[in-house]
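Work through the exercises below with the model open in a viewer. Each task is followed by a solution in steps.

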Amino acid sequence: MTDTELKALGVVRNADLKPLTTFAVPAKAKFYVEVKSLDALRRVLSHPELSREPRLVLGGGSNILFTKDFDGLVIGMRIDFLEEIGQTEHSRTIRVGAGRSWSQTVDETLERGWPGLENLALVPGTVGGAAVQNIGAYGLEAAERITKVECLDARTLEPCVLDVDECDYGYRSSIFKSEQCADLIVVSVVLELPKVFEPRIAYKELAAVFADAKPQTPMEVAQAVKSIRRKKLPDPAELPNAGSFFKNPVVTRIKQRHLLEDMPQLVSYPLAGGRAKLAAGWLIEAVGMKGKRAGDAAVYDRQALVLVNYGNATGEQIKALADEVAGKVRLRFGVKLEPEPVII
Ligand code: EPU
């Protein structure tokens, strides 16, 4: 492939990925391209050589850890729009480009007076990332508002639209993370927002904020969520991180009972189907790893679920610290911690 050809497509060779991920660890991509439209994406994917490269789509880069260089094509998803496409008596439907910032999208819907996304205020990343990852916080998951996910099939270059019930949504998971969807690139997401504000404030910390007076507007809920998040979660612009590094593990009710017999203080929540979710942050704190630092890689001292990079940590060092944390939790509690970010 000639440099002129690459330039015409906006493709950069040997690109630096460090500024493109919120963990800010050093890594390079063999090829990197930013796409702002479906046509631009098609042009890149229809190039015979680029189409054969291993592929990775980056949204906000807020849920990924590079432990080595990426020997292929990294696509920076920048398709960025928001449009209202319909309404009924009870709801409003919007379509949002996969590359639009999630947190801006939440703010914009609230400014337009549309409730529905307030609990997910300030979650980093893009709308595409939200649909792939099924982001969730303070009692709401993205899948509850998504109705369709619009993709481009990188192999056929044809559109492929999935209804929400085809997306196999679960806790921080979706079909888009599975091998069957390896060729699908999310390009836009359709969300349905209720017209009537239904405050969702059962989450412990929100309930505490609104103990005396129920919120009257979704903005109030968003403000409360933002202030809780700012207290507990480091701002990646100041202290690089990727939010929760581990998922909260799901165990059987029997396992939960055994753990509680030993440690009645363990924080856990019953789930349907005879299962229970354990607060991984609590487990990590209990094995003494909260605040633990190994070089510039560290377990955040205000929220043990978050790993941070104090400056010059490499992806490998962060991964090694994560393995140490998971190893200690496994040894002490017999519980397996799974990472939430994609690890390359
Ligand atoms: N806890 C500790 N020590 C810690 C952290 C937490 O003991 O260092 C215990 C506390 O008792 C706390 C409980 O764990 O009450 C749960 O903590 P928190 O409410 O902060 O929620 P989380 O389980 O740590 C999850 C999500 C977050 C989301 C919050 C709020 C996961 C992996 N993380 O965190 O999502 O913002 O709930 O809904 O599910 C993310 O996915 O990147 C993320 C930040």
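**Exercise 1. A threonine side chain**

Task: Find which backbone oxygen the side chain of Thr126 reaches, and place Thr126 in the chain.

Solution.
Step 1. In this predicted model, the side chain of Thr126 reaches the backbone oxygen of Ala98 at 3.5 Å.
Step 2. Thr126 sits in the loop that runs between helix 3 (102–111) and helix 4 (127–133).
Step 3. The relative accessible area of Thr126 is 8%. Buried means under 20%, so Thr126 is classed as buried.

**Exercise 2. The ligand shell**

Task: Describe the residues around the ligand: which come nearest, which elements supply them, and how they divide by class.

Solution.
Step 1. The ligand has 27 residues around it, and Tyr138, Tyr171, Tyr203, Lys232 and Glu285 come nearest.
Step 2. Five elements each supply at least two residues of the shell around the ligand: strand 8 (136–137), helix 5 (204–209), helix 6 (218–232), strand 13 (241–244) and helix 8 (280–286). Helix 8 gives the largest share, 3 residues.
Step 3. At the level of domains, the shell takes at least three residues from each of domain 2 (82–232) and domain 3 (241–343).
Step 4. Sorted by class, the shell consists of 12 nonpolar, 9 charged and 6 polar residues.

**Exercise 3. Polar contacts and cover of the ligand**

Task: For Ser244, Ala304 and Glu340, state what kind of atom lies by an oxygen atom of the ligand and at what distance. Then state how much of the ligand's accessible area the protein covers.

Solution.
Step 1. Ser244 places a backbone N or O atom 2.9 Å from an oxygen atom of the ligand.
Step 2. For Ala304, a polar backbone atom is 2.9 Å from an oxygen atom of the ligand.
Step 3. Glu340 uses its side chain: a polar atom there lies 3.0 Å from an oxygen atom of the ligand.
Step 4. On its own the ligand has 810 Å² of accessible area, and the protein covers 86% of that.

**Exercise 4. Disulfides**

Task: How many disulfides does the structure hold, and why do Cys160 and Cys181 not form a bond with the closest cysteine?

Solution.
Step 1. A disulfide is a covalent bond that joins the sulfur atoms of two cysteines. The cut-off for such a pair is a sulfur separation within 2.5 Å.
Step 2. For Cys160, the closest cysteine sulfur belongs to Cys151 and is 5.7 Å away, so the pair is too far apart for a bond.
Step 3. For Cys181, the closest cysteine sulfur is also in Cys151; the separation is 7.0 Å, again too far for a bond.
Step 4. The structure holds 0 disulfides.
Step 5. As to accessibility, Cys160 is partly exposed at 25%, whereas Cys181 is buried at 7%.

**Exercise 5. Positive phi outside glycine**

Task: Where do Ala24 and Asn134 lie, what is the sign of phi in Ala24 and in Asn134, and is Ala24 buried or exposed?

Solution.
Step 1. Ala24 is not a glycine, yet its phi is positive, about 50°. Its place is the loop between strand 1 (11–16) and strand 2 (28–35).
Step 2. With a relative accessible area of 17%, Ala24 is buried.
Step 3. Asn134, not a glycine either, has a positive phi of about 50°. The loop between helix 4 and strand 8 contains Asn134.
Step 4. Asn134 is buried, at 1% relative accessibility.

**Exercise 6. Chain separation and distance in space**

Task: For the pairs Ile146 and Arg95, Ala213 and Lys232, and Gly334 and Leu259, set the separation along the chain beside the C-alpha distance.

Solution.
Step 1. Ile146 and Arg95 are 51 residues apart along the chain, and their C-alpha atoms are separated by 9.8 Å. Ile146 belongs to strand 10 (residues 146–153) and is buried at 4% relative accessibility.
Step 2. Ala213 and Lys232 are 19 residues apart along the chain, with a C-alpha separation of 23 Å. Ala213 lies in the loop between helix 5 and helix 6 and is partly exposed, at 48%.
Step 3. Gly334 and Leu259 are 75 residues apart along the chain, with C-alpha atoms separated by 9.4 Å. Gly334 is in the loop between helix 9 (315–333) and strand 20 (342–343), and at 48% relative accessibility Gly334 is partly exposed.

Terms used. Residues numbered from 1 in each chain as written. Predicted model: local features only at pLDDT ≥ 70, side-chain atom pairs only at ≥ 80, totals over all residues. Heavy atoms only, no water. Near = heavy atom within 4 Å. Polar contact = N/O pair within 3.5 Å; in protein donor to acceptor, adjacent residues only side chain to side chain. Areas by Shrake-Rupley, 256 points an atom, 1.4 Å probe, with all protein chains shown as cover. Helix = DSSP H or I, 4+ residues; strand = E, 2+ residues; numbered from the N terminus. Nonpolar A, V, L, I, M, F, W, Y, C, P; charged D, E, K, R; others polar. Domains from an automatic or database assignment. Buried < 20%, exposed > 50% of the residue type's maximum accessible area, 1.4 Å probe, protein only.
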